[in-house]
Amino acid sequence: MTHPTIIPRDRKRGTHLRTALSLAASYTPVLPLRAGKVPFGNCPACRDNACGGRPNMKVPGPCLCPLPCHGWAAATHDLTVITSPEWVAAWRQAEGVAYHPGGAGLTVVDLDNAAAITWARRTLPATQTVPTTRGQHWIYQGTMPSANAVRPGVDIKSLMSYARWLGQGFGFTVPLPDVVRALTAKKPSPVRSVSVTAPVGGGACPHRAPAFLERGIAMAEQRIREANSGVHATVYRAFLAVLGTHGRCGCLTETHIARLFAAAQAKGESPRHCTDAWANARTALGM
Ligand SMILES: [Zn+2]
Ligand SMILES: [Zn+2]
């Protein structure tokens, strides 16, 4: 691939669509990135997932919106979509191309700095490696849940996630090793003693009443949607409220979390900020 820094801006923008088409030709789902290297925000019709979300977000739908809404879930290898007038307009404005690693059957170990690369070289099997601004992407065959900051400077980008396309890099992919899968394995929380506090003969969590949980998520979405200023703080407080009520009983699913993240991203928050705010809220609650 041509080195991006030596291409004038207009030509670079034409290049995004060509890059997307070549990736799609090998069944890699792609999406445009706007300034700041983040997905385009949701259009008014898709705000708060009122449209039902994209089919691959695993919520009722499908969304028929012609725009690249819904963050990573917009990623597609459908050439009709990628070359539609709406997407071509987005490619023209785009500052980069992203792909959905999980949708391509891949996992990206995103190493943000030299220390993380040193750790990877000592710990992980060599695989396809792509240089990034400050670090490297190590790409493996196989999918797993995505997670940020699994170690200092290390993010996992696979299912329900996107990664910037920065070229082929060097080397060849090898199967996803257990040592990477183990990075997101749930750590046991010794303070939790559900069996002691559960009602005798029942054991069902009272929060499992779907209406109660649905109302909590809908309220959090509304708070984020109505934020006029201080979006960062509003998102954090909304996450805190949801986690404080539903975070300890296993009620929250990836779909609920995806709804909250989508609401935040519709207000211009980056996926990175969402995962950081979520992690900070969990830490604040001692989870
Ligand atoms: Zn839309
Ligand atoms: Zn939509």
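Trainee: Which spacing do the donors of the zinc ion (ligand 1) follow along the chain?

Mentor: The pattern is C-x2-C-x18-C-x3-C. This is a predicted model, in which local features need pLDDT of at least 70 and side-chain atom pairs count only at pLDDT 80 or more, while totals for chains, interfaces and linings use all residues. Residues are numbered from 1 along each chain as its sequence is written, chains are lettered from A and ligands numbered from 1 in the order in which they are written, and side-chain values use heavy atoms, without hydrogens and water.

Trainee: What makes an atom a donor here, and which residues coordinate the zinc ion (ligand 1)?

Mentor: A donor is an N, O or S atom within 2.8 Å of the metal (3.2 Å for Na, K and Ca); water is not among the atoms, so sites may look incomplete. The SG atoms of Cys43, Cys46, Cys65 and Cys69 coordinate the zinc ion (ligand 1) at 2.3 Å, so they satisfy the 2.8 Å limit.

Trainee: Why is the arrangement around the zinc ion (ligand 1) called tetrahedral?

Mentor: Four donors count as tetrahedral if all angles lie between 85 and 135 degrees; four are square planar and six octahedral if opposite donors are over 155 degrees apart and all others between 65 and 115, and anything else is irregular. The 4 donor atoms subtend angles of 105 to 116°, so the arrangement is tetrahedral. For comparison, ideal angles at a metal are 109.5 degrees for four tetrahedral donors.

Trainee: Which residue coordinates both zinc ions, ligand 1 and ligand 2?

Mentor: That is Cys46, and the two ions are 4.1 Å apart.

Trainee: With those cysteines around, how many disulfides are there?

Mentor: A disulfide is a pair of cysteine sulfur atoms within 2.5 Å, and by this rule the count is 0.

Trainee: How do you know whether Cys43 is buried or exposed, and what about Cys69?

Mentor: Buried means under 20% relative accessible area, exposed over 50%, and partly exposed in between (1.4 Å probe, protein chains only). Cys43 has 13%, so it is buried; Cys69, at 1%, is therefore buried too. Cys46 is buried as well.

Trainee: What is notable about phi of Asn49 and of Ala149?

Mentor: Most residues other than glycine have a negative phi. Asn49 has a positive phi near 55°, and Ala149 has a positive one near 50°. Their surroundings can be compared with the burial rule: Asn49 is buried because its relative accessible area is 12%, whereas Ala149 is exposed because its value is 54%. Ala149 is found in strand E7.

Trainee: What is the order of the strands in the open sheet, and which strands are at the edges?

Mentor: Strands (E, at least two residues) and helices (H or I, at least four) are DSSP runs, numbered from the N terminus. The 5 strands have the order E5-E6-E4-E8-E7, with antiparallel pairing. E5 (128-131) and E7 (147-151) are the edge strands, each pairing on one side only.

Trainee: How do you know that E4 and E6 pair?

Mentor: Two strands pair if DSSP finds at least two bridges between them. E4 (residues 106-111) and E6 (residues 136-141) are joined by 6 bridges and run antiparallel, so they meet the rule. Thr107 stands opposite Tyr140 in E6. E5 and E6 have 4 bridges and are also antiparallel; Thr129 has Trp138 in E6 as its bridge partner. A hairpin is formed by E5 and E6, with 4 residues between them.
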